[in-house]
Structures are given as structure tokens and as C-alpha cells.
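User: Please take a close look at one helix of this model and at what surrounds it. From there, I would like a connected account of the salt bridges, a buried acidic residue and the nonpolar surface.

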Amino acid sequence: MSDKYTLGLNILHSDSSACIFKNEILIAASEEERFTRIKHTSNFPKESIKFCLNEAGISIAEIDYVTINTNPLSNIFKKIFFVLKNLSSMKLVISSLENTKKKFNLVESIENIDKSKNFHGKIKYIDHHESHIASSLYFSNYEECANLSIDGFGDFASCAYGQYKNNSLIIDQKIHFPHSLGIFYQALTQFLGFKSYGDEYKLMGLSSYGKPNYVNLIHKLINKTKEGYELNLDYFVHHKKKIFKINENGQFIYEDLYSDKLKNILGNPRNLNSEITQRHLDLARSTQVVYEEILSHLLDTIYEKYKVDKLTISGGCAMNSLANGKVIHNSKFKEIYVSPSPGDAGGSIGSACVVLKKKLNKKIKNQNYSYLGPKYSNEYIKNLINQKKISEKFYVEFFDYKELYPYVVTKLVNEKIIGWFQGKTEWGPRALGNRSILADPRNKNIKKIINSKIKRRESFRPFAPSILKEFVNDWFEEDCNVPFMSEVKQIRKNKREIIPGVTHVDGSGRLQTVTKEQNLHYHNLIHEFYNQTNVPIILNTSFNENEPIVNQPSEAIDCFERTNMDLIVLENWIIQRKQD
């Protein structure tokens, strides 16, 4: 039997992406932004597709299936009913029809990948939320579980949940447009002055500084229902008009999602560059509290429906690591799984999984879900260093790993900020130790140092602790496995003063648990840090500066040169400033 190749795509959503399977094995995946350097682009993922084909060693002509994480026919009767009931929203309908036309006209875009080869495969359209769920479910190793997808909107729904049992996924409940927990959170993120797509993490970070003084008022915006929740639409405008445009870079630019009525109960919104006051901190905290209350109600509903202990969570709202970290405490579920890319980008893998399960009926396999992007050899890096004449400006040295780990740790202990570039690029929005900036978490001033030297980001945003998995129970109040940095947990009180660089104002940390099996070199580096300091934790933040995470060695070098980073490690090569 010949090999079957499946190309999964996320298109016409932010964070366009591609992945490729050989039979049931996931070979590669990447977001388009990693190649084009345009953050959150929705442009057709041409470069990601080229990368995937190259990794598989095939041409577009050898692809059997292209899967898309959207199905224009999903919830079609709900769409028709909404239109007939809301004829004043005709602009929304026209916009939706334009999008549908693009979804059905994909062959030309696919064939443009390589005009010398014709695409002979089939295109499969998979429901948006089924794709989300599949991207977590089929990598969770759960034999029976409940599954929740929750986001802004996709295929006219904001939420879907169901059960996986007897090797079959059944989604039997959805919450449809215009009601959305994702829209609720995005609207209040905008109200607090954070207008860019994906800024919700800023509200999350800010919330730890505030008090829940506005919970009762914010509860006016969203209500609990038998199925989950519904918005009070008086406070929103997304159901009345088109709320976004797409710029020349394929980036979604959103208008304010809230109505003027919100100002009547919460006062004036914050302007982008204005001072953050205690009122804004309290609004952020209150928003997070209400979000968690609605989510907890939804989880109770799901648990009572299916009575299983395990849960997968996916969709854009699964990026709310603060809420994720409380699921076990705030619900009857005993175990959760969140993928490394739970948002729209991950839907490319999810859509492919749905087709593979139906066509091959085999268990999905992959070597490491965390790392699916490009990798570069020491020889490639050596040639790049010579080409750029790096040694004329910086010290350049090659180490074997036995010498590399203690050398790098010595630099960390001496307050150096280090760019760490190893192996394959991470899949998803988190840097998980292959494209990371590293620092000593024991330094109470390290956040200011990193922000002054490189990041220049808001001071209220915390940095993450990467911890050896075997030490989690010693340092955190809950023993857990969080390999994708998807949950925030409380750091033990007697440990917080030891690692102030990764301890947020509320005593929490968005941890990444690290094992040898998951990431050998990163594990060994942290273990060497433990040997020298008795602390099994390193501060980890993404290797970038107001751009997508670096993908290629040249981008890592460029970031090093234009910032005040102290040194970078590219595989076994170290580049550092001469004053060191």
C-alpha cells in the first residue's frame, strides 16, 4: 500500500498555518508568520506549505488530501435563521458570502505553490470546532474524555463540546453566534486600551494586580444558561456590523466590539498609551473573575452531561492559562489536556486528524508535538557566521554539549541574558526551550534587565519558569505536568523569594515542565543550573523583539545585534559581545 500524505491548513483566520502527515504520522507544522515575519498574518500559508512539503520530501502533486479547518456548510440553518431574523445585518451576510467564496476557490492557491506540479488530491472542509477539538483530543492519549472548544467565533459558533468514547468523537452541543465568551473577553481587553489582535494576555497579566470590585457590573454583560452562557447584546456591536478589516499584511484589525452602553456602567475606556490606574487593574481582575465563573459553570454543565474525569480544552480561549490552571480546583474534572497550539493555527493539524481518523482509522502519531518547525545544522550555522563575518564583531566559539551546559549556566549566574536556539522551532505561540531567551530566575531585577536590554514590554507582564518535571511538587503547590506552558499555578510560599524573577505579583507562575524525553538539551541545561545553584528552574521568554519568534539562525543573530542581549547559543556555536 502506498503512503498517503495529508496537508492540513488554517486559512482565512489569523495565524494561518500548515502541517503535513505521512499516513498517520505528523511530520511537520508551522505558522506562516514564522517565515513572513508578519505577526498573526492570515495570508495563504504558502511558505509554511513549502516547508512542510520539503520536510516530507514530496511535491504538491503527491498530496492525497488537503484539509481546511472550516466548513462553510456548518450550522447553515442557524446562519439562514439569523439572517432572516436580522435583515439589518446584511453587511455581515455579504462579508460571510465573500469569505465562503474564498474557501471554495482554493485549488489555484494550492497549485501556485509549485506551478510545475499539478494538485490531484481532494480538498476536505472540516468544521472549525471539530478541528479545534481534534488538535487536542488525538494527542492527549485519553481513551475516554469530554472535549471543549471555545473561542471568539468559527463557522457561526463560539463553543462546542462533546464526548470521545469507544474510539469515536461525538459533538452534541454548540453555542452559536452572536453569543461568545471569547468576544466578551476581547471586548473588555479593548476597553482597557489593548486593541491589537491577541492582546488578551495583557489583560490576564494585569488582572493579578487588581481587586474584583467591578464583578457585579461586568456580570451584566454575560449570563449563565442551561447550555453554558449568553451575552447581553445591548453591550456589544459584533452582531450588527462587520467588526474587522484585513490590512495588506493579512492582519485582522478589529473595531471596538463593545457598544456605548458599556461606558454607561464602567465609565470611559482607557486610551492606548494613557496611564494604567487602579481602576483599570480592578476592571482587569473583575473581567478575569467573571470569565472564570462562566467557564466554571460551563465545565459543570459538561461534567454533569458526560460524567468523565478527563477533559481536553481547545480554541482561542484555551490560551487563558490563568483560567486553565484553576480547572481542576474549580470543576469535578481530575485531568485536563491543552495542546501547544490551541488557537486557530492548531486547527490545521486538527482538520487533518479528523480526515485521517475517518480514512485510515489509525491512532495519530508524532515524535514530539512541541517542536515541529525547521532545524539547522552546525555546518549551516558555521557557514552563516562566516558569510556575515560575525567573528569580526563578536567572539565566536564552538563547544561540545558537555562543555556548553556549564559554560552557559556560568553566564546565567552572572546576570547574562542569553538567546537559546536549538533543534526544531516550537509549534504554537509559546517558546518552549528551542527558541527562547533565558535568564536567572533568582535575580529580583531580572525583569527590568530583560525589558531594558531586549523586550521593552509592559512591566506588568510576567516571565515564565521552566522547571524540571521531577521538582514540580517541591516548588509549586500542585504537582502537575504542563509541558506546553498552558497553565498558571501557585508557587510555594517558601520558594517565592528564591525565584522572584518568575514569581508574579499574586505568587503564581506560568510554568513549563521539562523532561529529557521532551527536550534533551533544555533539560540538561536546567539540570546543570540546578547543580550549580540548587534551583531547578530557568526563566524562559520567547526569542524575539516585537516580532514573531525567531525561526532561522539569521533572525536570531539579527535580534542579538540590534538588542543588548549578552550572548546567543546557536546549536553548539556561541556568539557573545567582546566586552565579555
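Analyst: In this predicted model, helix 8, which spans residues 200-207, is mostly covered, with six of its eight residues buried. The buried residues are Lys 202, Leu 203, Met 204, Gly 205, Leu 206 and Ser 207. Their cover includes three other helices: helix 7 (181-191), helix 11 (278-306) and helix 12 (321-324).

Helix 11 leads from this covered element to a charged pair. Glu 304 and Lys 332 join their side chains in a salt bridge, with an N to O distance of 3.1 Å. Glu 304 belongs to helix 11, whereas Lys 332 sits in the loop between helix 13 (327-330) and strand 14 (335-338), so the bridge ties together parts that are 28 residues apart in sequence. Glu 304 has a relative accessible area of 39% and is therefore partly exposed. Lys 332 is also classed as partly exposed, because its relative accessibility is 47%.

Other salt bridges can be placed beside this pair, as the structure holds 27 of them. One of these joins Asp 3 to Lys 22, with the closest N and O atoms 3.7 Å apart. The two residues are 19 residues apart and link distant parts of the chain: Asp 3 lies in the segment before strand 1 (5-10), and Lys 22 in strand 2 (residues 17-22). Asp 3 counts as partly exposed because its relative accessibility is 36%. For Lys 22 the value is 33%, so this residue too counts as partly exposed.

A further bridge connects the side chains of Arg 37 and Glu 547, at 3.2 Å from N to O. Here the separation along the chain is 510 residues: Arg 37 is in the loop between helix 1 (33-36) and helix 2 (46-56), and Glu 547 is in the loop between strand 22 (537-542) and helix 20 (553-562). Arg 37 is partly exposed, because its relative accessible area is 23%. Glu 547, by contrast, has a relative accessibility of 14% and so counts as buried; the cut-off for buried is under 20%. Beyond the single pair, salt bridges with shared partners join Arg 37, Glu 545, Glu 547, Glu 555 and Arg 562 into one network.

Another buried acidic residue is Glu 31, located in strand 3 (residues 25-31). Its relative accessibility is 5%, and it therefore counts as buried. A polar atom of the Glu 31 side chain lies 3.0 Å from the backbone nitrogen of Gly 428. When neighbours within four places in sequence are set aside, the residues in contact with Glu 31 are Ser 16, Ser 17, Ser 48, Ser 341, Ala 345, Glu 426, Trp 427, Gly 428 and Pro 429. Gly 428 thus appears both as a contact of Glu 31 and as the residue whose backbone nitrogen lies by its side chain.

The account ends at the surface. Leu 73, Ile 76 and Phe 77 make a nonpolar surface patch of about 340 Å². Of these residues, Ile 76 is found in helix 3, which covers residues 76-85. Ile 76 counts as partly exposed because its relative accessibility is 30%. The partly exposed Ile 76 may be set against helix 8, where six of eight residues are buried.

How values were computed. Residues numbered from 1 in each chain as written. Predicted model: local features only at pLDDT ≥ 70, side-chain atom pairs only at ≥ 80, totals over all residues. Heavy atoms only, no water. Patch = residues over 30% accessible without salt bridge, like charges linked within 9 Å, V, L, I, M, F, W, Y side chains within 5 Å. Areas by Shrake-Rupley, 256 points an atom, 1.4 Å probe, with all protein chains shown as cover. Salt bridge = Lys/Arg side-chain N within 4 Å of Asp/Glu carboxyl O. Helix = DSSP H or I, 4+ residues; strand = E, 2+ residues; numbered from the N terminus. Buried < 20%, exposed > 50% of the residue type's maximum accessible area, 1.4 Å probe, protein only. Contact = heavy atoms within 4.5 Å. Polar contact = N/O pair within 3.5 Å; in protein donor to acceptor, adjacent residues only side chain to side chain.
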